[in-house]
Amino acid sequence: MDEKMEKKTFRCVECNEVATELHRDYRNGILKITICDSCHKPVDKYIEYDPVIILIDAILCKTQAFGHILFNTSLNIHWKLCVFCLLCEAYLRWSELHSSEQSSDPADLIRYTKEWEFYGMFGLAALELSAFCGGVLLFLWVWVARLQGGTVEASLLLRALLLSCYGKVLLIPVVIWEHDYSLLCLSLIKLFVLTSNSQAVRVILNCSRRLSLVAVCLGLLSESVTAQACKRLPWSFQDTWMF
């Protein structure tokens with residue numbers, strides 16, 4: 001019983017087949033990477049790579065790097081990353097709402113966090129992200145589970161979607177240089193995040209690029225509808241934009 005609990009399954013980063021180990025540990029400290037029985041390639045070549053190389057490949061949206069991070073590591077920072085990105089997005093929205101009130105006092109950042117509008121922006125950003133993830137999960141559940149008879153691991157897919165939003169960290173420079181950003185810069189960040197989301201869906205479900213793009217587009221549509229609905233509410237904040 002204990003032996004089964006300790007046994008962990010991995011995935012080949014090349015063909016997405018299940019593997020029982022990433023490497024074999026021989027005596028005298030000799031390690032040998034496990035070869036996949038299906039594609040006859042190393043199960044996970046990234047276990048020998050420096051984290052910087054893995055990060056670069058993830059930024060380039062390589063499916064192998066995504067597979068390594070999502071299946072063969074115990075990286076569980078998705079909720080922290082999500083909250084951090086939402087805070088940056090909320091601050092950007094707040095500053096856009098009060099763009100006419102400029103101040104050079106660094107202490108204003110502390111004052112901003114005391115504004116109820118800032119927390120309102122955080123709530124709106126969280127609601128739109130929830131709508132995006134919910135739209136993607138709902139579509140994939142209907143298409144894969146109901147129509148094709150497959151299985152969709154909602155928790156694993158949600159973790160993949162949140163981790164693949166790492167591109168929103170690029171909002172940090174926008175926060176530092178408050179009013180020097182442009183709509184083009186924000187649009188490129190959004191495009192990069194959506195591309196990463198699509199790759200994450202492909203890796204988790206081992207599906208076609210078309211299906212992952214449709215899922216992400218429907219999630220984006222759900223997010224846009226939610227944003228427009230919030231703007232129509234009487235208590236909503238005006239002149240806000242959706243990231």
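## Close-up views of a predicted model

**View 1. The whole chain, from end to end.** Starting at the N terminus, the elements follow the order α-β-β-β-β-α-α-α-α-α-α-α-α-α. That makes 10 helices and four strands in the chain. Please keep in mind that this is a predicted model. Of its 243 residues, 42% count as buried. Among contacts between residues at least 6 apart in sequence, 66% join residues at least 24 apart. The accessible surface comes to about 14,500 Å², and carbon and sulfur atoms account for 60% of that.

**View 2. The largest nonpolar core and the helices that build it.** This core has 47 residues. L70, L129, V136, L140, V201, I204 and L205 are the ones with the most contacts inside it. Two or more residues come from each of helix 2 (51-59), helix 3 (63-71), helix 4 (78-97), helix 6 (116-147), helix 7 (154-163), helix 8 (171-176), helix 9 (183-205) and helix 10 (209-232). Helix 9 is the biggest giver, with 10 residues. Because domain 1 (10-72) and domain 2 (77-232) both supply residues, the core lies between them.

**View 3. L70 and its surroundings.** Here we zoom in on L70, one of the core residues with the most contacts inside the core. Setting aside neighbours within four places in sequence, L70 is in contact with L156, R159, A160 and L163, and also with A200, V203 and I204.

**View 4. Helix 7 under cover.** This helix is mostly covered, with seven of its 10 residues buried. The buried residues are L156, L157, R159, A160, L161, L162 and L163. Their cover includes helix 3, helix 4, helix 6 and helix 9.

**View 5. The annotated transmembrane regions.** The unreviewed UniProt entry places the feature "transmembrane region" at residues 118-144 and 156-175. In the model, residues 118-144 are 100% helix and 0% strand. The end C-alpha atoms of residues 118-144 are 39 Å apart.

**View 6. N197, a buried residue of helix 9.** N197 lies in helix 9. With a relative accessible area of 1%, N197 is buried, since the cut-off for that label is under 20%. Not counting residues up to four places away in sequence, N197 touches F132, L161, S164, C165 and V216.

**View 7. Two salt bridges with partly exposed partners.** A search of the whole structure finds six salt bridges, and this view shows the pairs E21 with R24 and K62 with D57. The side chains of E21 and R24 come together at 2.6 Å, N to O. E21 counts as partly exposed at 25% relative accessibility, and R24 is partly exposed too, with a relative accessible area of 47%. K62 and D57 form their salt bridge at 3.7 Å, N to O. In this pair, K62 is partly exposed at 36% relative accessibility, while D57 is buried at 9%.

**View 8. A buried salt-bridge pair and a salt-bridge network.** The side chains of E223 and K190 meet in a salt bridge at 3.3 Å, N to O. This pair links distant parts of the chain: E223 sits in helix 10 and K190 in helix 9, 33 residues apart. E223 is buried, with a relative accessible area of 5%, and K190 counts as buried at 13% relative accessibility. The view also takes in E89, R93, E128 and K168, which are joined into one network by salt bridges that share partners.

Definitions and conventions: Residues numbered from 1 in each chain as written. Predicted model: local features only at pLDDT ≥ 70, side-chain atom pairs only at ≥ 80, totals over all residues. Heavy atoms only, no water. Core = buried A, V, L, I, M, F, W, Y, C linked by side-chain atoms within 4.5 Å. Buried < 20%, exposed > 50% of the residue type's maximum accessible area, 1.4 Å probe, protein only. Domains from an automatic or database assignment. Contact = heavy atoms within 4.5 Å. UniProt positions renumbered as here; feature names shortened; annotations may be inferred. Areas by Shrake-Rupley, 256 points an atom, 1.4 Å probe, with all protein chains shown as cover. Salt bridge = Lys/Arg side-chain N within 4 Å of Asp/Glu carboxyl O.
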